[in-house]
Amino acid sequence: MTWDAELAGRIAQRHTDNLFRRRLTLTGAQGPRIDTDDGQYLSFCSNDYLGLAADPRLVQALKDGADRYGVGSGASHLVTGHQQIHDRLEEALAEFVGAPRALLFSTGYMANLGIANALLHRGDLLIEDRLNHASLIDAGLLCRAELRRYPHADVDAARRLFAASEAQHKMLLTDAVFSMDGDLAPLPELASLAAAHDARLVLDDAHGLGVLGDQGRGSLEHHALQVSPELILMGTLGKALGTFGAFVAGEGALIDTLIQEARTYIYTTAPPPAVAAATLEALRIVREEPWRRERLRSLVQRFRCGARELDLPLADSHTPIQPIIIGEPGQALAVSRRLLNNGVLVTAIRPPTVPKHTSRLRITFSATHDEHDVDLLLEALNGAMHGVH
Ligand SMILES: *Cc1c(COP(=O)(O)O)cnc(C)c1O
């Protein structure tokens, strides 16, 4: 078989298995109502939790930044791509999460790869929750350390993996808020486990930052934990903060090591400085407008109450990520299509993004939704789920 025929065969198989993925094409800004080339939908599938992605104040900060710095950074951080505004953003992020220092990365995916790449070497041990985000799994596969995975949130299984290992350096990587389930990792227990084994705990707070904690400082604030030599935080800027990019927060020695050794930091173009300017504005809004978090919490509550009345299969999540597990990919697609016919967009998430037989609707809320939007969603779900459970 030619290589091309092999590709065509794999694509055909995906269609047969209901696993073919399509891109939806938007024609305007992110928000609760999005315009697509197929019309307008009420959308429950962005990670723009605080509704900042199209906030006029961020847009203005981006424009002002572009006037001053241009568009592209023009080089990597270690050549001439590093601007004063990057420094200012790193300082602001470090202060926000209560860490000595922070380092910007171009994406969260690259930040996760960079941490494992810079800190772990052959003979070291890396353990991960089975439901970790793909970028954390890839971080483990692409570094030279031994990668072991433990069952979801199973602290005892993680403890056994550490206890059985003679590795010199041990690390545990986990989503702080699981991206497809919305539940929280048992962070206090994982932090004591890491401390007991002189291991490093790396928290990926992509879905907690800006959302959890009274001040929006994320999972650390929620669990009253702090960055320390043992605890490393990775946060993303493309979700609740509404912009683009990511950062790692930790002690000085960690940050210096990443600058020297993380290949995904060194060998890539620095993020546009105007985006850093917009992110500084986002950070100000995250601090000064706690109503966005309160509104999110009340929307989630309204949704869960309504879903319970309709007897929908809710997951154990109190974050703005509210999955409805359906089962097989074809069923999840069918429900998603029925919702779409009613003007409601909720994407069906299928393997390999989630384990087999757990295809689901991943519903996410944003502070720019209102109560009526939640009611419309519930009504549409009630019709679309008919005959599924
Ligand atoms: C989105 C996400 C990332 C990747 O961040 P990007 O900046 O989009 O590359 C990493 N980890 C988790 C848990 C995520 O949800």
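In what order do the seven strands of the open sheet run? The order is 3-9-8-7-6-4-5, and the pairing is mixed. Strand 3 (101-105) and strand 5 (146-150) sit at the edges, each pairing on one side only. On average, neighbouring strands here are turned by 20 degrees against each other, direction ignored. Keep in mind that we're looking at a predicted model.

**Around the seven-stranded sheet**

Let's start at the strand 3 end. Strand 3 and strand 9 run antiparallel and are joined by five bridges; one pair to look at is Leu104, whose bridge partner in strand 9 is Phe247. For an edge strand, strand 3 is mostly covered, with four of its five residues buried. Moving along, strand 9 (residues 246-250) also pairs with strand 8 (residues 231-236), again in the antiparallel sense, this time over four bridges. Here Leu233 has Ala249 of strand 9 as its bridge partner.

Two helices that pack on this sheet are worth a look. Helix 4 (residues 84-97) touches strand 3, strand 8 and strand 9, and its direction makes about 125 degrees with that of strand 3. Helix 8 (residues 187-196) touches strand 5, strand 6 (170-175) and strand 7 (200-204), with its direction at about 155 degrees to that of strand 7.

Then there's helix 6 (residues 134-142), where Ser135, Leu136, Ile137, Ala139 and Gly140 are buried. What do the buried residues of helix 6 pack against? Their partners are helix 5 (108-119), strand 4 (125-129), strand 5, strand 6 and strand 7.

**The three-stranded sheet**

There's also an open sheet of three strands, in the order 10-13-12, with antiparallel pairing. Strand 10 (321-327) and strand 12 (348-349) are its edges; each has a single partner strand, so one side of each is left without a neighbour in the sheet. Six bridges link strand 10 to strand 13 (residues 359-364), in the antiparallel sense, and among the residues involved, Gln322 has Ile363 of strand 13 as its bridge partner. Helix 14 (residues 329-341) packs on this sheet and touches strand 10, strand 12 and strand 13; its direction makes about 35 degrees with that of strand 13.

Here are the three sheet-packing helices side by side:

| Helix | Strands touched | Angle |
|---|---|---|
| Helix 4 (residues 84-97) | strand 3, strand 8, strand 9 | about 125 degrees with strand 3 |
| Helix 8 (residues 187-196) | strand 5, strand 6, strand 7 | about 155 degrees with strand 7 |
| Helix 14 (residues 329-341) | strand 10, strand 12, strand 13 | about 35 degrees with strand 13 |

**Domains and cores**

The protein is divided into domain 1 (23-54 + 290-384) and domain 2 (56-288). Their centres, taken over C-alpha atoms, are separated by 26 Å, and the contact takes 25 residues from domain 1 and 30 residues from domain 2.

Which residues have the most contacts inside the largest nonpolar core? They are Phe247, Phe303 and Leu381, in a core of 86 residues. Both domains feed into this core, with at least three residues from each. Leu381 is in contact with Phe303, Leu312, Ile324, Leu339, Leu361 and Ile363, leaving aside its neighbours within four places in sequence. Another core, of 27 residues, lies apart from the largest one and includes Ala111, Leu258, Ile259 and Tyr265.

**Two buried polar residues**

Asp373 is in helix 15 (residues 371-384). Is Asp373 buried or exposed? It counts as buried because its relative accessibility is 2%, below the 20% cut-off. The side chains of Asp373 and Arg33 are joined by a polar contact of 2.7 Å. These two are 340 residues apart along the chain, and their C-alpha atoms are separated by 9.8 Å. Not counting residues up to four places away in sequence, Asp373 touches Pro32, Arg33, Leu42, Phe44 and Thr368.

Over in the loop between helix 2 (56-69) and helix 3 (77-81) you'll find Ser73. At 11% relative accessibility, Ser73 counts as buried too. Its side chain reaches the backbone oxygen of Ala270 at 2.5 Å. Beyond residues up to four places away in sequence, Ser73 touches Thr80, Gly81, Thr269, Ala270, Pro271, Pro272 and Pro273.

Key:
Residues are numbered from 1 along each chain as its sequence is written. This is a predicted model: local features need pLDDT of at least 70, side-chain atom pairs count only at pLDDT 80 or more; totals for chains, interfaces and linings use all residues. Side-chain values use heavy atoms; hydrogens and water are left out. Two strands pair if DSSP finds at least two bridges between them. Axes are lines fitted to C-alpha atoms, for helices over the stretch in contact, and angles run from 0 to 180 degrees between N-to-C directions. Contact means heavy atoms within 4.5 Å. Buried means under 20% relative accessible area, exposed over 50%, partly exposed in between (1.4 Å probe, protein chains only). A polar contact is a pair of N or O atoms within 3.5 Å; within protein, one must be able to donate a hydrogen and the other to accept it, and residues adjacent in sequence count only if both atoms are side-chain atoms. A nonpolar core is a set of buried Ala, Val, Leu, Ile, Met, Phe, Trp, Tyr and Cys residues joined through side-chain atoms within 4.5 Å. Domain bounds come from an automatic or database domain assignment.
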